[in-house]
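Here is a friendly set of notes to read with the structure open beside you. Take the points one at a time and find each residue as you go.

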Amino acid sequence: QHTLQLADISKPEIGDYEALVSIKACGICSTTDRELIAGTQPYHSDYPCVLGHESIGEVVEVGPKVKYIKPGDLVTRPYGILPGQTRDGYASAWGGFSEYGTVTDRKAMMDDGDHSLADDYTALRQNVVPEGVSVKAAVLAISLAETASWAWLQPSAAGKNVVVFGTGIAGLTIALWWKMAGARSVTVVGRRQERLDLAKAVAADYAINSTEVDPAEELVRLIGCKADLGAEAVGSREVMKQIISSLGSGGTACIYGVPEGLAYELPMGLSAGNIDISLKPADEHVAYEWACRMIALGKIPVDLLMTHEFMLEEYDAAWQAVKDGNVVKSLLNIIGDSVE
């Protein structure tokens with residue numbers, strides 16, 4: 001278990017294809033940031049490190065070969081320390097909880113014949129935010145785009161009975177996307193009644209409290225059959241078992257969560273005997289502009305999903321609120337300006 005603290009680090013310097021960014025706000029990820037603090041994140045082991053991977057900032061300076069980014073643009077995922085780098089003794093846990101960060105103009109690099117970042121995870125996710133989108137909406141759109149891009153790769157939900165296990169930002173938005181896709185019924189399963197009530201306000205037709213009833217049995221009681229699609233948005237081996245038992249013959253268990261040890265169990269005796277397992281990526285850059293457009297059209301209940309905003313110096317309180325489960329989605333306001 002690691003501790004949180006504020007620290008001074010030097011301002012990043014930019015290269016020919018990079019832009020310097022004043023970071024305005026950064027979303028707090030209740031999964032990855034929690035794992036980083038606990039020391040259980042499977043892809044990261046370097047400490048001390050700078051957290052934050054859902055940042056939005058304003059470009060203040062560009063390198064001489066930048067073409068597609070200009071001063072004044074809002075951009076996604078500027079990082080104080082780029083992955084794989086260190087500065088002033090600190091490693092990168094992406095580093096979006098910083099006053100300044102950088103983004104790379106990969107398109108300009110490719111124009112000039114350098115394709116080294118063509119498929120780079122970080123560079124792909126550093127893009128200009130569409131005009132007219134607020135900082136708050138731009139931060140939320142990162143989470144929306146992650147689950148939307150994942151949902152697009154799953155079997156169609158149109159006309160099907162779907163069940164979503166999880167009432168965090170991932171579970172709630174997956175339920176919303178499947179509702180928008182024309183699901184016959186959307187059921188959300190969770191352990192906290194206030195979150196289940198929220199799920200119904202956001203998208204769910206039915207909500208099941210798994211601390212009170214068996215989810216599979218209650219699902220059949222509510223809709224008269226088992227589900228066609230089930231989403232695992234918790235990262236729990238026990239939840240995966242519940243999903244498998246909730247699926248009817250021909251159903252698909254769609255994995256979004258990341259379990260400890262990066263492995264689930266497959267209890268064959270709980271299944272209908274004919275189910276598929278779907279493991280697809282979440283590539284938010286594919287759906288980011290779409291998510292922003294859905295916000296602009298009023299299709300997203302922003303205030304129900306982005307529930308908390310904290311100033312940078314309130315980082316301890318922000319993290320405690322996340323640990324206590326009081327937050328759906330929250331952000332740290334880095335610069336102190338309005339993010340509305």
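1. Let us begin with strand 8, residues 161-165, where five of the five residues are buried. Please keep in mind that this is a predicted model. Which residues of strand 8 sit on each of its faces? N161, V163 and F165 are on one side, V162 and V164 are on the other, and all of them are buried, so both faces of the strand are covered. This fits a general pattern: in a regular strand the side chains alternate between the two faces of the sheet.

2. Now look at the partner of strand 8. Strand 9, residues 185-190, pairs with strand 8 in the parallel sense, and five bridges link the two. To find your place in this pairing, pick V164, which has V188 of strand 9 opposite.

3. Strand 7 makes a good companion to the first point. This strand covers residues 100-104, and four of its five residues are buried. Strand 1 (residues 18-28) is joined to strand 7 by five bridges, and these two strands run antiparallel. A handy marker here is A19, which stands opposite V103.

4. Stay in strand 7 for a moment, because T102 lies there and has a relative accessibility of 4%, which is why T102 counts as buried. The cut-off behind that word is under 20%. What does T102 touch beyond residues up to four places away in sequence? The contacts are P12, E13, I14, A19, R77, P78, Y79, L82 and Q126. You have already met A19, the residue opposite V103.

5. Is K136 buried or exposed? This lysine is part of helix 4, residues 135-152. Its relative accessibility is 12%, so K136 counts as buried. Apart from neighbours within four places in sequence, K136 is in contact with V302, D303, M306, L331, V339 and E340.

6. Helix 11 is a nice one to turn around on your screen. Its buried residues are Y315, A318, W319, A321 and V322. They lie on the same side of helix 11 because they cover an arc of only 155° around the axis. What do these buried residues pack against? Their partners are strand 1, helix 1, strand 14 (306-311) and strand 15 (329-333). Just after helix 11 comes G325, with a positive phi of about 80°.

7. Next, please look at the second largest pocket, which has a volume of about 800 Å³. Its lining is made of 31 residues, and Q5, L6, A7, V50 and F97 lie nearest the centre. By type, the lining residues are 21 nonpolar, five polar and five charged. Helix 1 (32-38), strand 2 (49-50) and helix 11 (315-323) each contribute at least two residues to this lining.

8. A small open sheet deserves a look too. Three strands make it up in the order 2-6-5, with mixed pairing. Strand 2 and strand 5 are the edge strands, since each pairs on one side only. Strand 5 and strand 6 are antiparallel and share two bridges. In that pair, T86 stands opposite A91 of strand 6.

9. Finally, check some backbone angles. As a background rule, most residues other than glycine have a negative phi, and most peptide bonds are trans. Where does the backbone depart from that rule? One place is the peptide bond from Y47 to P48, which is cis, with omega near -5°. P48 belongs to the loop between helix 1 and strand 2.

10. Two residues other than glycine also have a positive phi. For D88, phi is near 55°. D88 lies in the loop between strand 5 (86-87) and strand 6 (90-92), and its relative accessibility of 45% is why D88 counts as partly exposed. For W94, phi is near 80°, and this residue is in the loop between strand 6 and strand 7.

Definitions and conventions
Residues numbered from 1 in each chain as written. Predicted model: local features only at pLDDT ≥ 70, side-chain atom pairs only at ≥ 80, totals over all residues. Heavy atoms only, no water. Buried < 20%, exposed > 50% of the residue type's maximum accessible area, 1.4 Å probe, protein only. Pairing = 2+ DSSP bridges. Contact = heavy atoms within 4.5 Å. 1 Å grid on protein atoms, 1.4 Å probe; cavity = no way out; pocket = protein on both sides within 12 Å on 5 of 7 lines; lining within 4 Å. Points joined across faces, edges and corners; volume = space filled by probe spheres on them. Nonpolar A, V, L, I, M, F, W, Y, C, P; charged D, E, K, R; others polar. Arc of directions from axis to C-beta.
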